[in-house]
Amino acid sequence: MSSQKPIFNITDWINSQACPGSGKKPIEIYVFVDPLCPECWALEPIIKKLQIEYSQLFSLKHVLSGKLESLNRGKYKNYDTIAQTWERTASRSGMSCDGSLWFENPIASPHSASIAIKAAELQGRKPAILFLRKLQELLFLEKRDISDIKVLIECAREVGLDVDEFMNDITSASAAKGFQCDLKITSEMDVNEFPTLVFFNQNIEEEGIKVLGSYPYEIYVHILEDMLQGLPKPKSPPTLESFIQSFKLVATKEIEVVYNMSKNEVEREMKKLVIKQIVEMIPAKYGTFWRYIETH
């Protein structure tokens with residue numbers, strides 16, 4: 001593998017998410033997500049493509065919800081419904097998630113993951129976004145209980161958080177208050193479906209544009225174009241190798257969306273990288289993921 005620095009860097013991508021009110025970008029998008037929601041997981045390819053092509057135009061603010069807090073532990077009719085939803089979403093979206101988790105290793109405390117994400121956010125927005133993504137991978141692909149403190153610590157360590165600080169913050173009033181603030185925003189904006197994206201421009205007099213659920217990429221681009229009365233030419237994506245190196249683990253579906261490739265085209269290109277020992281293939285219940293080999 002070449003030692004040349006990738007032209008696309010995840011740090012730059014994360015840093016493009018300016019804080020609200022910074023005034024640096026004309027559009028701010030509130031992304032309402034639930035860490036346990038498969039539809040939010042299925043939105044990942046769209047978010048990646050938007051960030052790569054138009055990151056100079058908008059900032060993102062993730063707002064956590066407590067949609068599954070009311071989950072009644074032990075009542076398998078509820079688990080059965082959730083498991084079926086996971087399977088349907090995975091089959092339709094191409095972003096694998098395994099509904100059998102709800103019978104084998106159900107989430108003990110659904111809201112604990114959200115508290116943990118807010119604890120990670122106390123160390124910065126970048127680690128919080130990395131932490132959320134890693135939690136989703138552990139949940140949807142590895143069927144781990146992401147409310148388990150051991151799993152949360154493992155996740156914190158893998159994304160480079162200060163684990164001692166994280167452990168202190170996860171039981172702090174600051175993390176709990178942060179989550180309650182997100183729930184308040186969710187309520188005030190009358191968001192009841194996840195994911196939901198709300199687009200705001202710099203003119204605070206105008207109402208935001210609320211988009212409930214998931215839609216094709218072109219819909220979100222059209223909203224940006226309408227709000228800005230035109231769009232610049234989209235930025236080109238990085239090389240596949242740089243993309244994998246930056247995000248560490250990506251789905252075939254994410255590559256399909258970002259690069260406008262068919263599934264067969266993606267698999268053909270990724271197999272070349274497998275032969276070069278740059279990536280390894282990670283089979284999933286629905287589709288395939290690709291992991292960058294860190295020794296390179």
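Q: What does helix H10 (residues 173–188) lie across, and at about what angle does H10 run to S2?
A: Helix H10 lies across S1 and S2, at about 105 degrees to S2. Contact here means heavy atoms within 4.5 Å. The angle is taken between N-to-C directions, from 0 to 180 degrees, with axes fitted as lines to C-alpha atoms, for helices over the stretch in contact. Helices (H or I, at least four residues) and strands (E, at least two) are DSSP runs, numbered from the N terminus.

This is a predicted model: local features need pLDDT of at least 70, side-chain atom pairs count only at pLDDT 80 or more, and totals for chains, interfaces and linings use all residues. Residues are numbered from 1 along each chain as its sequence is written, and side-chain values use heavy atoms, leaving out hydrogens and water.

Q: How do you know that S1 and S2 pair?
A: Pairing requires at least two DSSP bridges between two strands. Strand S1 (residues 27–33) and S2 have 7, in the parallel sense, so they count as a pair. One of these bridges links Ile27 to Phe58 in S2.

Q: What makes S2 (58–64) and S4 (209–212) edge strands?
A: The open sheet runs S2-S1-S3-S4, with mixed pairing. S2 and S4 each pair on one side only. From one strand to the next, the twist averages 20 degrees.

Q: Why do Cys37 and Cys40 not form a disulfide?
A: A disulfide needs two cysteine sulfur atoms within 2.5 Å. The sulfur of Cys37 is 3.5 Å from its closest cysteine sulfur, in Cys40, so the two are too far apart for a bond. Across the whole structure, a search finds 0 disulfides.

Q: Why is Cys40 called buried?
A: Buried means under 20% relative accessible area, exposed over 50%, and partly exposed in between (1.4 Å probe, protein chains only). Cys40 has 4% relative accessibility, so it counts as buried. Cys37, at 5%, is buried too.

Q: Why is Lys134 called buried, although it is a lysine?
A: The relative accessible area of Lys134 is 15%, and that makes it buried. Lys134 belongs to helix H7 (residues 125–140). Its contacts, not counting residues up to four places away in sequence, are Cys155, Glu158 and Val159.

Q: Why does the largest nonpolar core lie between domains?
A: Such a core is a set of buried Ala, Val, Leu, Ile, Met, Phe, Trp, Tyr and Cys residues joined through side-chain atoms within 4.5 Å. The largest has 71 residues, and Phe58, Trp102, Phe131, Ile146, Phe166 and Phe199 touch the most other members. H7 gives the largest share, 7 residues. Domain 1 (10–17 + 25–228) and domain 2 (240–292) both contribute residues, so this core lies between them. Domain bounds come from an automatic or database domain assignment.
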